[in-house]
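I opened this structure for the first time today. These are my notes, in the order in which I looked things up.

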Amino acid sequence: MLNKNEYVGGENFDLRDILVRGRKMNLQKKTEFFDSFLDSLFSNNQMLHLRCMTSPADRVVKVFDSCSGEIKSMLMFGSNNYLGLANHPYIKEFVTKIIHKYGTGIGGPPLLNGYTSLHHELEERLADLKGAEDVLLFSSGYGANVGLVSALMSNEDLVLHDSYSHASFHDGIKMSGVQAVNFSHNDVELLKQTLEKTENLKYKDRFVGVEGVYSMDGDIAPLDKIVPICKRNNAILIVDDAHGTGVMGIKGSGTAEHFGLDGQIDLTMGTFSKTFAVTGGFVAASKSIINYLRFFARSYMFSASLPPSVVATVLASLDVMEKEPELHQNLQDNINYTASCLRQLGIPSNSLTPIFPLRVPPTMNIRKAGYELHQKGIFVNSVEYPAVPKSQQRFRISIMATHTKADIDRLMEVLIEVWKNNNNEPLEKSQIKVFIN
């Protein structure tokens with residue numbers, strides 16, 4: 001167990017300490033070590049992971065407070081449910097009808113017995129949404145990234161990827177054995193130079209991997225510059241548009257639409273766990289690439305098909321996106337209003353996306369501040385080291401179309417209170433920055 005003299009209140013330890021020290025321990029000692037870490041977080045009211053909700057995901061949720069043992073209503077500012085579709089009445093009714101028709105599950109992988117007319121319809125509609133020839137459905141967004149990278153790349157290829165690329169993309173790189181080089185976040189000039197330098201090297205293919213919207217900072221990839229660079233250098237562009245689908249562009253079809261580049265991305269990866277608020281993922285590309293992935297993406301080959309309820313949820317969500325464009329407009333209005341409120345507090349913010357990272361000062365105990373936000377009925381996610389550098393720890397605020405201006409005003413009031421209680425300077429005068437493109 002932990003030495004209580006060296007570990008007090010969970011403040012001196014983080015997950016990196018657990019990993020580093022755990023390498024020297026056997027399984028029993030490693031798990032006991034971690035148990036002590038968790039026990040200390042709970043006893044000091046600093047454990048805000050795995051908060052248990054007892055209501056549908058919406059702008060207001062009911063959450064079980066493990067400290068008080070009570071259920072409390074909270075304003076949800078920590079969800080990727082950007083359009084508020086998770087509790088939409090049309091979607092719930094549609095899914096119920098589909099379950100009566102198709103049942104609750106498939107019972108097999110897609111190539112054998114897990115492919116239905118429902119799955120085919122969703123592939124066609126997503127292909128239309130992304131301006132692609134075809135789409136392949138995966139059981140998770142993680143599986144989509146791992147599957148496409150490990151199936152399409154080999155040790156005779158090169159992939160250049162943004163340093164902020166998702167963990168699933170990194171894992172795909174490890175599995176494929178492809179030679180990988182990362183470039184500084186959104187550094188288009190460095191990407192261009194690296195592609196030019198590697199043009200005459202004997203790689204079978206060169207790939208470029210970026211994200212449409214980056215989940216930690218909420219900024220976007222400058223696809224208007226990246227696409228021409230890739231075309232000039234014969235590089236295959238992969239865009240992870242998990243957080244852009246349903247959010248970016250006039251119709252919400254994604255980051256490519258935002259830049260007027262519909263149909264010009266070689267491969268687009270997306271998920272159903274953000275705007276569509278369920279689980280699953282997809283890859284949109286040419287019909288030839290999709291045909292190849294169907295047989296060689298192992299995370300597709302060896303995973304059960306998405307259940308009808310999930311497929312129906314995404315289909316119904318696409319219906320809502322088409323029939324209720326005001327949802328997308330509401331989201332954009334809330335994004336603009338949030339950015340305006342933050343600027344009034346002296347925090348630069350020009351976000352085009354629903355993600356607002358609020359960085360905390362090095363002197364602030366982010367766990368203590370996080371629990372105060374929780375107590376005051378504000379649900380936000382805290383992002384600690386080693387997920388980000390210690391100098392970049394932040395609260396990640398997510399805005400939804402269903403939030404009201406009063407909700408956002410309350411968020412600002414609570415942030416001011418918490419900063420006043422946990423920082424030497426109030427929020428209006430602190431050096432906190434929200435780094436948004």
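**Entry 1: backbone angles in two loops.** I started at Ala 277. I asked whether Ala 277 is buried, partly exposed or exposed. Its relative accessibility is 29%, so I put it down as partly exposed. The model is a predicted one, and I keep that in mind throughout. Ala 277 sits in the loop between E9 and E10. Its phi is near 60 degrees, a positive value in a residue other than glycine.

I then went to Asn 186. Here too phi is positive, about 60 degrees, and the residue is not a glycine. I found Asn 186 in the loop between E6 and helix H7 (188-197). Its relative accessibility is 17%, and under 20% counts as buried, so Asn 186 is buried.

**Entry 2: the sheet.** Next I traced the strands. In what order do the seven strands of the open sheet lie? I read E4-E10-E9-E8-E7-E5-E6, with mixed pairing. E4 and strand E6 (179-183) are the edge strands, and each pairs on one side only. From one strand to the next, the twist averages 20 degrees.

I followed E9 through its neighbours. Strand E9 (residues 267-271) pairs with strand E8 (residues 236-240) in the parallel sense, over three bridges. Within that pairing I noted Val 239, which stands opposite Thr 268 in E9. On the E10 side, the two strands run antiparallel and four bridges join them. Thr 268 turns up again there, opposite Ala 284 in E10. I reminded myself that strands of a sheet pair through backbone hydrogen bonds, either parallel or antiparallel.

How many of the five residues of E9 are buried? I counted five of the five, so E9 is largely enclosed by the rest of the structure. I then checked which way they point. Leu 267, Met 269 and Thr 271 go one way from E9, while Thr 268 and Gly 270 go the other way. In a regular strand the side chains alternate between the two faces of the sheet.

I also looked for a helix on this sheet. Helix H5 (residues 141-152) packs on it. H5 touches E4, strand E7 (206-211), E8, E9 and strand E10 (281-285). The direction of H5 makes about 155 degrees with that of E9.

**Entry 3: salt bridges.** I turned to charged pairs. The count comes to 16 salt bridges. I looked up three of them.

My first pick was Arg 125 with Asp 319. Their closest N and O atoms are 2.9 Å apart. Arg 125 is in helix H4 (residues 117-130) and Asp 319 in helix H12 (residues 308-323). The pair links distant parts of the chain, 194 residues apart. Asp 319 has 13% relative accessibility, so it counts as buried.

Then I took Asp 134 and Lys 287, whose side chains meet in a salt bridge at 3.6 Å, N to O. Asp 134 lies in strand E4 (residues 134-138) and Lys 287 in helix H10, 153 residues apart. Is each partner buried or exposed, or in between? Asp 134 is buried, with a relative accessible area of 11%. Lys 287 is partly exposed at 41% relative accessibility. I also saw that Asp 134 and Lys 287 belong to a network of salt bridges with Glu 123 and Arg 294.

My last pick was Glu 417 with Lys 376, at 3.2 Å, N to O. Glu 417 is in helix H15 (residues 405-422), and Lys 376 is in the loop between helix H14 (366-375) and strand E12 (378-379). The pair therefore ties together parts that are 41 residues apart in sequence. Glu 417 has a relative accessible area of 31% and is partly exposed. Lys 376, at 30% relative accessibility, is partly exposed as well.

**Entry 4: a nonpolar patch.** I ended at the surface. Which residues form the nonpolar patch there? I listed Leu 111, Leu 112, Tyr 292, Phe 295 and Phe 296. Together they have about 550 Å² of accessible area. I looked closer at Tyr 292, which lies in helix H10 (residues 287-296). Its relative accessibility is 38%, so Tyr 292 counts as partly exposed. Lys 287, from the salt bridge with Asp 134, is in H10 too.

Note on methods: Residues are numbered from 1 along each chain as its sequence is written. This is a predicted model: local features need pLDDT of at least 70, side-chain atom pairs count only at pLDDT 80 or more; totals for chains, interfaces and linings use all residues. Side-chain values use heavy atoms; hydrogens and water are left out. Patches are made of residues with over 30% relative accessible area and no salt bridge: like charges are joined within 9 Å, nonpolar side chains (Val, Leu, Ile, Met, Phe, Trp, Tyr) within 5 Å. Accessible areas come from the Shrake-Rupley method with a 1.4 Å probe; for residues, only the protein chains shown count as cover. A salt bridge is a side-chain nitrogen of Lys or Arg within 4 Å of a carboxyl oxygen of Asp or Glu. Buried means under 20% relative accessible area, exposed over 50%, partly exposed in between (1.4 Å probe, protein chains only). Two strands pair if DSSP finds at least two bridges between them. Axes are lines fitted to C-alpha atoms, for helices over the stretch in contact, and angles run from 0 to 180 degrees between N-to-C directions. Contact means heavy atoms within 4.5 Å.
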